[in-house]
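Please look over the sequence and the coordinates below before reading on. The explanation afterwards is meant to be followed with the structure open beside it.

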Amino acid sequence: MPQPTADGSFTFFSPEFGETFHSHFGAQQEAEFKFVYPVQLLSRIHQPVVCLLDVCYGLGYNTASALAAIWKINPGCQVQLVGLELDPEVPKAAIATGLLDNWPDPVPELLATLANTHQLQTEKIQAKLPIGDARRTIQELNNSGFQADAIFLDPFSPPSCPQLWTVEFLRLVGSFLKPDGYLATFSCSAAVRKALLEAHLKIGSTAPVGRRSPGTVASFTEEYLPPLSEKEKEHLLTRASIPYRDPHLSDSAEIIMHRRQLEQQKSSLEPTSHWKKRWLLKKESGVRSQESGVQI
């Protein structure tokens, strides 16, 4: 059953992961502001070919928003797309319920074909949608030479789906990013950010959209990356930053979570609760100073 969001677009709820696919703020706006804009896609629109990797394709919103943005300015641009999706019924259901009808032609028709056949080739787009565990299907790209200008990393949250936020998986994802490409995700989890750093990527913070917390953008170069705040930098020095690990890219979510918990218990890093308390005190001190007219 589609669930409405604040911008008039709809999303789905996943019983398996216990989460909606998007925030209630606005599914379409989230796709644009959490993914399309942070990857600097508009600066690449005049290229003859733009390559996209959509990890956890889902309803197709991130891809639809990217295609619409590219073809609005450069209708002749060819797009090469690889989408990774676990459940083939999800993109089909999005098409069947008309969730992509808000995007301009020919986006809905093209993505309907992709949802039903898992491949697509026209003058405007070459696309594949391999179905299955993304840890396996992404390895099918190993000998293809595929390199992405932009990667959308959009699994369910780390506590619900830790297997797609591990150091090993993100290192593999990063291997398909061009040297000047960008990866965007909604998550600002310290564990996710540390995993991206261990995958040899630089990270920046994106503006909050539909949540109080920001997202994350990553690249091999720091150029154009929005800086992390001091609070975010300190977060990376706490036990929360211990990343998820999956050495053979095959462990269950339960095993991955347990492995991380054991590593956290042995860690000498600052407890995350201390970091939270320290920054809460700073916030309260700042409010008191403003009320009293004292500048600090």
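The paragraphs below go from the chain as a whole to its sheet, then to single strands, helices and residues.

The model is a predicted one, and its protein chain holds 10 helices and 12 strands. Of the 296 residues in that chain, 52% count as buried. Among the contacts with a separation of 6 or more, 69% are accounted for by residues 24 or more positions apart.

A convenient place to begin is the sheet. Eight strands form an open sheet with mixed pairing, and reading across it gives the order E7-E8-E6-E5-E9-E10-E12-E11. Because E7 and E11 stand at the edges and have a single partner strand each, one side of each is left without a neighbour in the sheet. From one strand to the next, the twist averages 15°.

Which strands flank E12, and how many bridges join each of them to it? Strand E10, residues 177-185, is joined to E12 by 3 bridges and runs antiparallel to it, and within this pairing threonine 185 has threonine 216 as its bridge partner. Strand E11, residues 202-206, also runs antiparallel to E12, here with 5 bridges, and isoleucine 203 stands opposite alanine 218. In general, strands of a sheet pair through backbone hydrogen bonds, either parallel or antiparallel.

Strand E12 itself covers residues 215-219, and 5 of the 5 are buried, so the strand is largely enclosed by the rest of the structure. In a regular strand the side chains alternate between the two faces of the sheet. In E12, Gly215, Val217 and Ser219 point one way while Thr216 and Ala218 point the other way, and all of these residues are buried.

Helix H6, residues 167-174, lies across E5 (49-55), E9 (148-153) and E10, and runs at about 130° to E10. The helix is mostly covered, with 7 of its 8 residues buried, namely Val167, Glu168, Phe169, Leu170, Leu172, Val173 and Gly174. The cover over these buried residues includes the strands E5, E9 and E10 together with helix H5 (134-137) and helix H7 (190-198).

Within strand E9 sits aspartate 149, and this acidic residue deserves a careful look. Is its position buried or exposed? Aspartate 149 has a relative accessibility of 1%, and since the cut-off for burial is under 20%, it counts as buried. The aspartate 149 side chain reaches the backbone nitrogen of cysteine 51 at 2.8 Å. Leaving aside residues up to four places away in sequence, aspartate 149 touches Arg44, Gln47, Val49, Val50, Cys51, Leu177, Lys178, Gly181 and Tyr182.

Cysteine 51 leads on to the question of disulfides. A search of the whole structure finds 0 of them. For cysteine 51, the closest cysteine sulfur is that of cysteine 77, and at 9.1 Å the two are too far apart for a bond, given that a disulfide is taken as a pair of cysteine sulfur atoms within 2.5 Å. With a relative accessible area of 7%, cysteine 51 is buried, whereas cysteine 188, at 22%, is partly exposed.

The last region to visit is around helix H4, residues 107-117, whose buried residues are Val107, Pro108, Leu110, Leu111, Ala112, Leu114 and Ala115. An α-helix has 3.6 residues a turn, so residues three or four places apart point the same way. The buried residues of H4 pack against two helices, H2 (61-73) and H3 (89-96), and against the strands E6 (78-84), E7 (119-121) and E8 (125-128). The packing of H3 and H4 has an angle of about 145°, with the axes 9 Å apart, and H3 passes H4 in a left-handed crossing. On the H3 side this contact is made by Pro91, Lys92 and Ile95, and on the H4 side by Pro108, Leu111, Ala112, Ala115 and Asn116. Just after H4, histidine 118 takes a positive phi of about 70°.

Terms used: Residues are numbered from 1 along each chain as its sequence is written. This is a predicted model: local features need pLDDT of at least 70, side-chain atom pairs count only at pLDDT 80 or more; totals for chains, interfaces and linings use all residues. Side-chain values use heavy atoms; hydrogens and water are left out. Buried means under 20% relative accessible area, exposed over 50%, partly exposed in between (1.4 Å probe, protein chains only). Helices (H or I, at least four residues) and strands (E, at least two) are DSSP runs, numbered from the N terminus. Contact means heavy atoms within 4.5 Å. Two strands pair if DSSP finds at least two bridges between them. Axes are lines fitted to C-alpha atoms, for helices over the stretch in contact, and angles run from 0 to 180 degrees between N-to-C directions. A polar contact is a pair of N or O atoms within 3.5 Å; within protein, one must be able to donate a hydrogen and the other to accept it, and residues adjacent in sequence count only if both atoms are side-chain atoms. A crossing is left-handed if the near helix is turned anticlockwise from the far one by less than a right angle, and right-handed if clockwise.
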